[in-house]
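Student: I would like a close look at a single part of this protein, taken slowly and set in its surroundings. Please keep the answer connected, so that each element leads to the next.

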Amino acid sequence: WSSRDFPWTKKLEADNKKVFGNPSFRPNQREVINATMSGCDVFVLMPTGGGKSLTYQLPALICPGITLVISPLVSLIQDQIMHLLQVNIPAAYLSSNMEWTEQQEILRELNSDVCKYKFLYVTPEKVAKSDVLLRHLESLHTRESLARIVIDEAHCVSQWGHDFRPDYQGLGILKQKFPTVPVLALTATATMSVKEDVVQALGLANCIIFRQSFNRPNLRYSVIPKTKKCLEDIDNFIKKFHFDQCGIIYCLSRMDCERVAEKLQEYGHKAAFYHGSMEGAQRANIQKQWSKDEINIICATVAFGMGINKPDVRFVIHHSLPKSIEGYHQECGRAGRDGLPSSCVLYYSYSDYIRVKHMISQGTVDQNSFGSGYGRSNVATSGRILETNVENLLRMAWIVLKCLRSLLCNLIHFGEKFESTNCRKTCDNCSKIQKCIEKDVTEVAKQLVELVKMTGQKFSSAHVLEVYRGSLSQYVKKHRHESLRLHGAGKHLAKGEASRVLRHLVTEDILVEDVKKSDLYGSVSSVLKVNESKAYNLFSGAQTMRLRLPSSV
Ligand code: ADP
């Protein structure tokens, strides 16, 4: 598909330069365009910032007729239309919140013999709920004026994805009604199973698939334990590496956003907060100030993200554990779109993990607090997937000390193989890796499991660790845990080692965090339980446990 001998090649290259001002094509853009213009159905997996829009905007310019684009958010659509109008390409959108007369006017224009629009953008709800729209599309099709159907953020079709939207599933109707119109499905996030799900639901029988490496060489990844000094650390980090530059700090809750923004203002940064419970106008105002660089730092929930097209975001900091590894990758992807070096820093704490797990189990995963960018996720079907995702993140954050870049690539996106030797120390773990030692920790693991049982499976991980290290606190004494055989058995271990082993036991499902309901203030507590069937392997000798530990631990 990379050939330069297609009948449209000359015009393609000229318009790319003249209309869009691009000196050349980015990886896979030419290939995708050639395939879709040849009439094939195409599925494109391209990282955020890779330039997906051009792959349908250029064909739309060159081919006669209208391109129908299905996109999940009105704000995203408005942003796209604004860009198209700036380069004099007429485009319109239809959404249910528009005045009926306005909708009528657009539909009338679609009916006209020489329709001026090159693009019609709609939300998936509109396709699912509007017979009027379908009738107009049929009429366009009969007049051979429906050039192409584009499904943006196509992973929303799949229940296995992290942003499932029921209305996307109904989009299969488009291929049924218009089997000869080429479909172009675009996403920046899809695992193998998501891709198969999407292709099937949309009815793309023989589609051509393009995917490219998701490695972003200009991003530097770090994973840092979160302490009470986290905000001071963030302040120091920004002042040292990104002073007066633009960045996003993702927080778990609305309250966190406000608190973090306030603190950063005190430290002298131009920071603001952004979350789902703010008025629309207030949010738009913040976005505007941010795009004009009047505000450098936005402290936000994941409500801030989709459609953010700022190329010079120099850092993305996760103040708390993200909801999934895919989400994490996408959020980090907002940094360094211009290709210049940028930082991605993840602060983790065990208590955040418990909070996240609790939110998932309670189904409070919504766009405004934490989770899907598009609305309430289907928790019943995706709860387990999210949990697995969070556990994968934990593996990444705490345990393995492997190359973060290769972990990210391998865990998502078709299990892309990325060799850690290619990282060239651009993630924290690779920078530290020489200072790591690999150690057999089976005995420590067994002792910790035993200790959980000895204490009656009623205590938190923090307490179990205290007893293991030999604490004589009042709480330990109150429960007479100082008299247990394993009290103080982990005294000799380096700081942090026992907790790493314990966390590894949790991610291996040998120990299970039983999350208790939150109190009035939303705090969450948990107790450790033993998963007997998994623990059996450890005690029978069938399983040993080796961990890579920083030598300073
Ligand atoms: P995506 O939808 O994949 O996240 P976009 O289509 O929004 O990415 O493109 C990201 C940025 O890259 C935009 O600012 C766009 O103008 C720019 N871009 C796209 N293609 C090219 C190209 N061939 N050369 C230079 N810049 C490009």
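**From the end of helix H10 into the core**

Tutor: In this predicted model, a convenient place to begin is Gly 203, which comes just after helix H10 and takes a positive phi of about 70 degrees. Helix H10 itself spans residues 192-202, and its buried residues are Val 194, Lys 195, Asp 197, Val 198, Val 199 and Leu 202; a lysine and an aspartate thus stand in that list beside the valines and the leucine. These buried residues pack against strand E1 (42-45), strand E5, helix H9 (172-177) and strand E6.

Of these packing partners, E5 repays the longest attention. Strand E5 covers residues 146-151 and is mostly covered, since 6 of its 6 residues are buried, each having 20 or more other C-beta atoms within 10 Å of its own. Strand E2 is joined to E5 by 5 bridges, and the two run parallel; within this pairing, Ile 70 has Ile 151 of E5 as its bridge partner. E5 also pairs with strand E6 (residues 183-187), again in the parallel sense, over 3 bridges, and here the bridge partner of Ile 149 is Val 183 in E6. In a regular strand, side chains alternate between the two faces of the sheet.

The nonpolar residues of this region can be followed further. The largest nonpolar core has 55 residues, of which Val 44, Leu 68, Leu 120, Val 150, Ile 151, Ala 185 and Leu 202 touch the most other members. E5 gives the most to this core, with 5 residues. Leu 202, one of the buried residues of H10, is thus also among the residues that touch the most other members of the core. Leu 68 touches Leu 120, Val 122, Leu 137, Leu 146, Ile 149 and Val 150, leaving aside residues up to four places away in sequence. Another core lies apart from this one; it has 49 residues, among them Ile 238, Cys 246, Cys 257 and Ile 354.

Before turning to other strands, it is worth pausing at Gly 65, which is placed in the loop between helix H3 (54-62) and strand E2 (66-70). Gly 65 counts as partly exposed because 17 other C-beta atoms lie within 10 Å, which falls between the limit of 12 or fewer for an exposed residue and that of 20 or more for a buried one. Residues up to four places away in sequence aside, Gly 65 touches Glu 144, Ser 145, Leu 146 and Ala 147. Gly 65 and Lys 118 are 53 residues apart in sequence, yet their C-alpha atoms are 6.7 Å apart in space.

A further group of strands offers a second setting. An open sheet of 6 strands has the order E8-E13-E12-E9-E11-E10, with parallel pairing. Its edge strands are E8 (219-225) and E10 (271-274), each of which pairs on one side only, and the twist from one strand to the next averages 15 degrees. At the E10 edge, 4 bridges join E10 to strand E11 (residues 297-300), the two running parallel, and Phe 273 stands opposite Cys 299 in E11. Helix H12 (residues 254-266) lies across strand E9 (246-250), E10 and E11, and runs at about 175 degrees to E10.

Two loops leading into strands of this sheet each hold an aspartate with a positive phi. Asp 244, in the loop between helix H11 (230-241) and E9, has a phi near 65 degrees, a positive value in a residue other than glycine; Asp 244 counts as exposed because it has 11 C-beta neighbours inside 10 Å. Asp 293, in the loop between helix H13 (280-291) and E11, has a positive phi of about 65 degrees although it is not a glycine. Asp 293 is partly exposed, because 13 other C-beta atoms lie within 10 Å.

The whole protein gives the frame for these details. Its secondary structure comes to 23 helices and 17 strands, and buried residues make up 43% of its 553 residues. Among contacts between residues at least 6 apart in sequence, 76% join residues at least 24 apart.

Definitions and conventions:
Residues numbered from 1 in each chain as written. Predicted model: local features only at pLDDT ≥ 70, side-chain atom pairs only at ≥ 80, totals over all residues. Contact = placed C-beta atoms within 7 Å. Pairing = 2+ DSSP bridges. Axes fitted to C-alpha atoms, helices over the stretch in contact; angles between N-to-C directions. Core = buried A, V, L, I, M, F, W, Y, C linked by C-beta atoms within 7 Å.
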